[in-house]
Amino acid sequence: MDLLPKDHKDFGSKDYWNEFFSKQKSQPFEWYGEYDSLSEILDKYIHPRDKVLIVGCGNSKLSADLYDVGICDSISIDISAPVINQMKERYGKDRPKMNFEVMDVFKLSFEDGIFSVVIDKGTLDALLVDKSQEVDKRINTMFSQIERVLRNGGRYLCFSLLQEHVLNKLLDWFTDKGWLVRLHRCSKAEAKHDDALAFPVYAVVMTKLKKIPGAPLVLELVHAGLPTPQRCSSKADAIDYVKSAQHYAFLKRYLNKKKLAEDDICLELCSPDTGRIKYKMFVVDRKEKSKMKFAVFVVVQGRETEWLFSTPQGRQELAANVSCERLIVVHLLRDNVYSSLEEVKNDLSAKVLELAPASCKDQVPILSLGDDVGQRDIRCRDKSELSGEYVVEDVLSNNDDLYRRLIFLDSPYIIQSEAKLMTAPTKKKKKKGSSKLQIDFDYIACDHHIAIISGFAFLKYKMLCPSVLLIGLGGGTLPMYIHKHFPDASVEVVELDPSVLDIAKKWFNLVTDNRLKVHISDGLAFIQKAVTNGLKYDIVILDVDNKDLSLGISGPPVAFLETTMLENMLKLVYDSGLVIINLACRNSELYKEAYSKLKSVFKVMYSRKIPAEVNEVIYCIKTDDPKGIMELTKDNYTTLTSFLEKRTTYSDVFDVVDLASCLTEIT
């Protein structure tokens with residue numbers, strides 16, 4: 001039997017509903033749940049002495065259920081005469097105080113202020129069919145009628161799926177009137193009708209209050225298990241909350257219906273007490289049959305930036321490694337407190353089971369890298385005018401080493417700078433448990449920085465005492481390493497963002513002197529000016545990020561890879577000098593184009609890919625005689641590693657075999 005309208009506008013038609021209920025006959029049709037699944041909310045806001053109006057009642061047995069629990073004084077109205085006759089016949093004899101009337105919600109004939117509660121279970125959703133001016137005007141009339149018949153302090157309970165235009169209309173109209181508005185999630189109703197409903201069910205409870213000019217917005221979210229509602233600072237907060245829940249519910253339904261997720265799907269779970277996103281979950285499906293059908297992998301704090309956890313390809317490899325057909329990879333987000341792995345498991349156990357394939361509803365194995373949640377300490381959170389919001393955070397590694405990171409929140413999975421921390425030596429006695437942390441400049445934390453230093457071996461002259469121009473400061477760990485371990489080298493750094501220089505000095509122990517200078521300038525303009533002034537360097541290093549991530553390149557900005565700019569860099573280095581470019585590009589067309597331009601300018605180039613990163617370090621050598629370069633480089637590298645081993649506590653940072661085996665000549 002087809003009981004759905006061909007056009008959504010039919011929902012406002014008396015003829016449609018007459019036909020609908022004639023076909024329904026004696027079978028009750030419940031919008032969004034019966035009394036038992038909504039009773040927790042109904043019992044909270046309706047009391048036995050309340051006079052109740054149910055608008056658009058249809059043939060729902062809600063009024064009878066309320067009568068049976070002591071809420072007897074009710075009037076149910078509907079535009080359809082056939083359904084009102086059905087209801088009178090069904091309930092009129094046994095429940096004498098329960099009344100039914102044929103009435104249009106747009107033309108209520110009741111006196112002002114006689115009802116304590118108005119219940120709307122799906123009626124607004126049926127009538128607010130679009131955002132047209134005509135519909136909007138009708139809904140204004142409906143709300144005005146409800147406002148008129150409610151007493152002060154009375155409540156309008158609207159059960160709805162809260163599609164975007166419906167939610168916006170409710171919030172705009174009733175907050176503008178100064179009413180108290182609360183949003184309840186009807187979890188029991190959703191659970192009972194899980195197969196039928198793609199969206200969550202909400203009860204929006206609007207309490208009629210006298211408007212006080214200048215009074216703040218009173219808009220609250222009510223979460224199960226929390227003693228007090230969460231106050232929203234704006235309507236946008238409530239809208240974001242509902243959208244997030246709808247997104248999750250829709251994807252949950254999609255994943256239960258589909259045997260295989262076609263994309264790397266991401267879902268977010270908010271903490272009800274803070275309103276912040278606490279968990280980010282990635283659904284990874286594999287076609288191959290595996291030992292486990294379904295499992296969860298919790299990534300400890302700070303390790304979410306690693307390739308294995310931060311990229312779709314990495315997560316696919318992780319799922320293969322643990323031999324799982326559907327793996328939920330969970331990131332623990334900053335600005336939250338995670339006391340233990342057990343707490344995380346308790347938070348996730350019910351939610352992740354909802355994402356299991358329909359054939360798998362058993363207990364879910366929750367995997368991790370260890371038996372704790374890791375450690376993350378946010379030392380600084382601020383905003384740069386040029387680079388946006390950023391955090392400086394200390395993260396404990398899996399081998400109990402502590403690292404400091406600079407991360408711009410526009411790119412939360414890209415570590416802008418990373419450095420190892422150590423306890424600063426001190427002669428003064430300190431209180432027990434107190435210690436000062438400082439950067440360990442003997443250690444290189446970033447693999448691509450190791451590759452850049454390794455590239456010094458390509459220099460024919462001045463390998464141990466080069467003049468270096470570095471475009472891009474970051475936390476300053478690379479120039480500080482060169483400054484400390486190459487005592488006869490000179491380094492000039494160009495950084496566009498003055499905030500980054502402040503961060504490097506305050507949080508990464510950057511110190512400038514006559515051998516290490518930082519210029520606050522645009523790198524492109526600096527290079528052009530340096531060429532004009534006839535400046536020369538032994539090495540030019542391009543290690544600068546690209547702010548426009550939509551292009552598919554994390555660094556450098558594409559302007560640095562234009563032929564004219566590459567030619568300028570070539571002019572900046574001495575004969576037998578070197579240009580080193582840290583390239584991180586996911587866009588295949590852009591990647592090919594960059595390579596083509598590089599080959600048109602530099603005749604001798606080698607590439608070193610960083611296995612655990614997207615980065616690739618390209619060594620561009622200025623020479624007219626490419627013969628013997630590789631043999632010279634191998635000899636130089638032996639000298640370089642021997643030189644650095646004597647000056648550092650870490651003898652395993654550089655490996656001569658590693659350089660030779662990882663280099664690829666670009667032809």
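User: Which residues line the largest cavity?

Analyst: Its lining consists of Glu-418, Ala-419, Lys-420, Ile-439, Asp-440, Phe-441, Tyr-443, Ile-444, Ala-445, His-449, Thr-477 and Tyr-481. A cavity is a set of points, on a 1 Å grid over the protein atoms alone, where a 1.4 Å probe fits but cannot get out; lining residues have an atom within 4 Å of a point. The model is predicted, so local features need pLDDT of at least 70 and side-chain atom pairs count only at pLDDT 80 or more, while totals for chains, interfaces and linings use all residues. Residues are numbered from 1 along each chain as its sequence is written, and side-chain values use heavy atoms, with hydrogens and water left out.

User: How many cavities are there, and what volume does the largest have?

Analyst: There are three cavities of 30 Å³ or more. The largest holds about 70 Å³. A volume here is the space filled by probe spheres set on the grid points, which are joined across faces, edges and corners.

User: Which elements supply at least two residues of that lining?

Analyst: E18 and helix H14 (477-485) do. E18 gives the largest share, three residues. Helices (H or I, at least four residues) and strands (E, at least two) are DSSP runs, numbered from the N terminus. By class, the lining has seven nonpolar, two polar and three charged residues. Ala, Val, Leu, Ile, Met, Phe, Trp, Tyr, Cys and Pro count as nonpolar; Asp, Glu, Lys and Arg as charged; the others, Gly among them, as polar.

User: E18 came up. How do I read the sheet it belongs to, and what is the strand order?

Analyst: Start with the general idea. Strands of a sheet pair through backbone hydrogen bonds, either parallel or antiparallel. Two strands pair here if DSSP finds at least two bridges between them. This open sheet of five strands runs E15-E16-E17-E18-E19, with antiparallel pairing. Strand E15 (376-384) and strand E19 (437-439) are the edge strands, each pairing on one side only. On average, neighbouring strands of this sheet are turned by 25° against each other, direction ignored. Angles run from 0 to 180 degrees between N-to-C directions, and axes are lines fitted to C-alpha atoms, for helices over the stretch in contact.

User: Which residue of E18 is the bridge partner of Arg-405?

Analyst: Glu-418. Strand E17 (residues 402-408) and strand E18 (residues 417-423) pair in the antiparallel sense over four bridges. Glu-418 also belongs to the cavity lining.

User: What is the order in the other open sheet of five strands, with mixed pairing?

Analyst: It is E10-E11-E13-E12-E14. E10 and strand E14 (366-368) stand at the edges; each has a single partner strand, so one side of each lacks a neighbour in the sheet. Inside, strand E12 (residues 292-299) and strand E13 (residues 324-332) run parallel, joined by seven bridges. Val-299 has His-331 in E13 as its bridge partner.

User: Is strand E5 mostly covered or uncovered?

Analyst: Mostly covered. Eight of the 11 residues of E5 (residues 150-160) are buried. Buried means under 20% relative accessible area, exposed over 50%, partly exposed in between (1.4 Å probe, protein chains only). E5 runs parallel to strand E4 (residues 115-121), with six bridges. E5 also pairs with strand E7 (residues 202-207), antiparallel, over six bridges. Tyr-156 stands opposite Val-118, and Tyr-156 also stands opposite Met-206 in E7.

User: Where should I look for unusual backbone geometry?

Analyst: Most residues other than glycine have a negative phi, and most peptide bonds are trans. Leu-162, not a glycine, has a positive phi of about 50°. Leu-162 sits in the loop between E5 and helix H7 (164-176) and is buried, at 1% relative accessibility. Ser-323 has a positive phi of about 55°. Ser-323 lies in the loop between helix H11 (312-321) and E13, and is partly exposed at 21%. The peptide bond from Gly-555 to Pro-556 is cis, with omega near -5°.

User: How many disulfides are there?

Analyst: A disulfide is a covalent bond between the sulfur atoms of two cysteines. The test is a pair of cysteine sulfur atoms within 2.5 Å. The count comes to zero. As for cysteine exposure, Cys-446 is buried, at 9%, and Cys-465 is partly exposed, at 31%.

Notes: 1 Å grid on protein atoms, 1.4 Å probe; cavity = no way out; pocket = protein on both sides within 12 Å on 5 of 7 lines; lining within 4 Å.
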